[in-house]
Amino acid sequence: MQDELLFNRPLVEKYDRPGPRYTSYPTAPQFHAAFAEDDYRAAAERSNRVASPKPLSVYVHIPFCKSLCYYCACNKIITHNTERAAEYLSWLKQEIGVQGALFDETRRMTQLHLGGGTPTYLGNTQLGELMAALDEAFHFAPVEEREFSLEVDPRTVTPAQIHELHDLGFNRLSFGVQDFDTNVQKAVNRLQSEEQVVELVAAAREAGFQSVSVDLIYGLPLQTVASFDATLDKIIALRPDRIASYSYAHLPELFKAQRLIRPEDMPPPERKLELLELTIRRLTAAGYVYIGMDHFALPDDELTLARENGTLQRNFQGYSTHADCDMIGLGITSIGKVGDSYSQNVKETAQYQARLEEGRLPVMRGYRLNDDDRLRRDVINALMCHGRIDFANIEARHDIVFRDYFAEALAQLEEMQADGLLTIGADAIEVLPAGRLMMRNMAMAFDAYLKPNEGRFSRTV
């Protein structure tokens with residue numbers, strides 16, 4: 001039975017501060033340029049030599065979009081020149097070949113995610129070429145073991161194309177809805193109709209996709225509680241398997257596109273908390289289970305079952321049901337996690353092309369974890385995925401005495417314990433229902449690199 005998620009406004013306001021999302025630990029600001037291509041190749045070689053090499057997960061970044069969404073902070077290229085995408089695909093296939101040669105042929109690729117930008121900027125013929133290249137290089141696992149997903153902009157595909165995507169091997173879709181309100185859509189330059197989304201979701205179900213997800217954003221310009229409530233009505237009626245409701249981070253000083261949003265259209269800070277409270281109340285009342293962070297799923301969804309049986313994982317794409325994989329990032333800006341390392345590709349297409357023309361991997365920076373990093377990553381993952389840190393489990397895996405090693409972190413968490421957000425017991429830390437919105441804050445206590453009042457991150461609630 002789902003535990004009740006408590007929304008305590010004073011506590012939410014108290015702990016709403018900038019902090020990492022912990023899709024990795026250490027987080028991306030610790031990546032450095034001294035980690036180069038030879039380090040990545042060495043990490044790949046080490047990953048092949050372990051007693052039981054991990055399955056492979058692949059992320060592909062498709063940066064192109066036909067129009068600019070003003071809220072977007074992703075790395076993207078706005079263009080109607082489809083030749084640029086065709087050229088990018090040719091370089092992408094070259095990187096796939098170079099990367100594929102680094103990993104043992106006996107290993108299988110169980111996970112794939114296409115993100116952007118707009119992955120469906122590529123036509124289905126081009127996506128077919130991409131899938132063929134990936135299969136040749138990384139050897140797809142049997143169909144029943146795959147989790148192959150892509151992000152879909154509803155404005156870019158037809159119901160017939162949705163069926164074709166399933167035929168290409170994708171079994172999960174995520175539709176970017178954000179908000180159905182026309183005034184909000186105009187304010188962020190992303191006009192799409194409810195009818196488009198309804199038609200595409202129906203097509204995805206008819207085609208046999210295992211999971212259909214919908215992405216929302218709260219805190220956008222002109223959003224009101226009433227208008228977002230109307231959007232939630234429509235989403236609940238669609239009954240997607242998963243819903244992600246992201247908090248909009250308005251940082252126009254960092255992201256040029258956001259300067260196109262009129263300041264007078266932005267909701268007051270208290271509105272975001274009202275929208276968050278509304279979202280939690282409406283979705284849980286409709287039968288969705290709060291997984292963590294921004295994610296909700298139906299009770300019989302694999303994410304919910306994984307959360308209940310302790311197998312939930314977390315990676316750069318959020319929560320996952322798959323066992324820990326070596327994750328290969330392809331395309332500009334993409335991030336990988338191979339063995340005990342993280343790596344990130346170059347950010348510009350010209351650099352990307354130049355590196356590949358030289359026969360080199362386009363690795364720009366990265367990081368190799370030390371023993372302390374691996375320990376803290378395990379602790380943070382246990383917290384974020386399971387809401388519980390079992391001291392004996394961590395001690396056995398890392399040969400430490402938990403209370404001694406993390407005395408400073410435990411002292412930091414005492415205030416949260418006093419506020420009823422967690423309990424620090426004799427053998428474990430347990431997140432209480434009221435604390436599940438503040439798991440990022442809890443994880444920050446175990447972060448060895450976080451500086452006080454560091455403001456480069458989005459807000460934690």
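## Charges over rings

In this predicted model, the charged end of R314 sits over the ring of Y319. The distance to the ring centre is 4.8 Å. K66 makes a similar entry in the list: K66 lies over the face of Y121, 5.8 Å from the centre of that ring.

## Aromatic pairs

Aromatic rings also meet one another. The structure holds 14 aromatic pairs. One of them joins Y367 and Y449. Two values describe any such pair: the distance of the centres and the angle of the planes. For Y367 and Y449 the centres are 6.5 Å apart and the planes stand at 85°. An angle over 60 degrees counts as edge-to-face, so the pair of Y367 and Y449 is edge-to-face.

This pair links distant parts of the chain. Y367 belongs to strand 16, residues 363-368. Y449 lies in the segment after helix 16, which covers 439-444. The two residues are 82 apart in sequence. Their surroundings can be stated too. Y367 is buried, at a relative accessible area of 9%. Y449 is partly exposed, at 24%.

Ring pairs also build a cluster, made of F391, F402, Y405, F406 and F446.

## The nonpolar cores

In soluble globular proteins, nonpolar side chains tend to be buried together. Here the largest nonpolar core has 124 residues. Seven members touch the most others: V60, L112, L134, F138, I162, F402 and F446. Apart from this core lies another, of 10 residues. C69, Y71, C72 and V184 are among its members.

F446 deserves a closer look. Leaving aside neighbours within four places in sequence, F446 is in contact with Y25, R376, V379, I380, I389, F402, F406, A409, L413 and I429. F402 and F406 also belong with F446 to the ring cluster.

## R172 and its partners

R172 lies in strand 6, residues 172-178. At 7% relative accessibility, R172 is buried. Its side chain makes a polar contact of 2.6 Å with the side chain of E302. Beyond the neighbours within four places in sequence, R172 is in contact with E147, F148, S149, L150, F209, Q210, S211, R242 and E302.

## Backbone exceptions

Most residues other than glycine have a negative phi, and most peptide bonds are trans. The model contains exceptions to both habits. Y22 has a positive phi of about 55° without being a glycine. Y22 is placed in the loop between helix 1 and helix 2. This residue is buried, at 2% relative accessible area. D399 also has a positive phi, near 55°, and is not a glycine. D399 is found in the loop between helix 13 (391-398) and helix 14 (402-405). At 74% relative accessibility, D399 is exposed.

Two peptide bonds are cis. The bond from Y25 to P26 is cis, with omega near -5°. P26 sits in the loop between helix 1 (9-15) and helix 2 (37-49), where Y22 is placed as well. A cis bond also joins G116 and G117, with omega about 15°. G117 lies in the loop between strand 4 (109-116) and helix 4 (124-138).

## A region from the record

An unreviewed UniProt entry lists residues 50-286 as "domain: Radical SAM core". Over these residues the chain is 41% helix and 19% strand. The end C-alpha atoms of the stretch are 45 Å apart.

Technical notes. Residues numbered from 1 in each chain as written. Predicted model: local features only at pLDDT ≥ 70, side-chain atom pairs only at ≥ 80, totals over all residues. Heavy atoms only, no water. Core = buried A, V, L, I, M, F, W, Y, C linked by side-chain atoms within 4.5 Å. Buried < 20%, exposed > 50% of the residue type's maximum accessible area, 1.4 Å probe, protein only. Contact = heavy atoms within 4.5 Å. Phe/Tyr/Trp six-rings, centres within 6.5 Å; stacked < 30°, edge-to-face > 60°. Helix = DSSP H or I, 4+ residues; strand = E, 2+ residues; numbered from the N terminus. Lys NZ or Arg CZ within 6 Å of the ring centre and 35° of its normal. UniProt positions renumbered as here; feature names shortened; annotations may be inferred. Polar contact = N/O pair within 3.5 Å; in protein donor to acceptor, adjacent residues only side chain to side chain.
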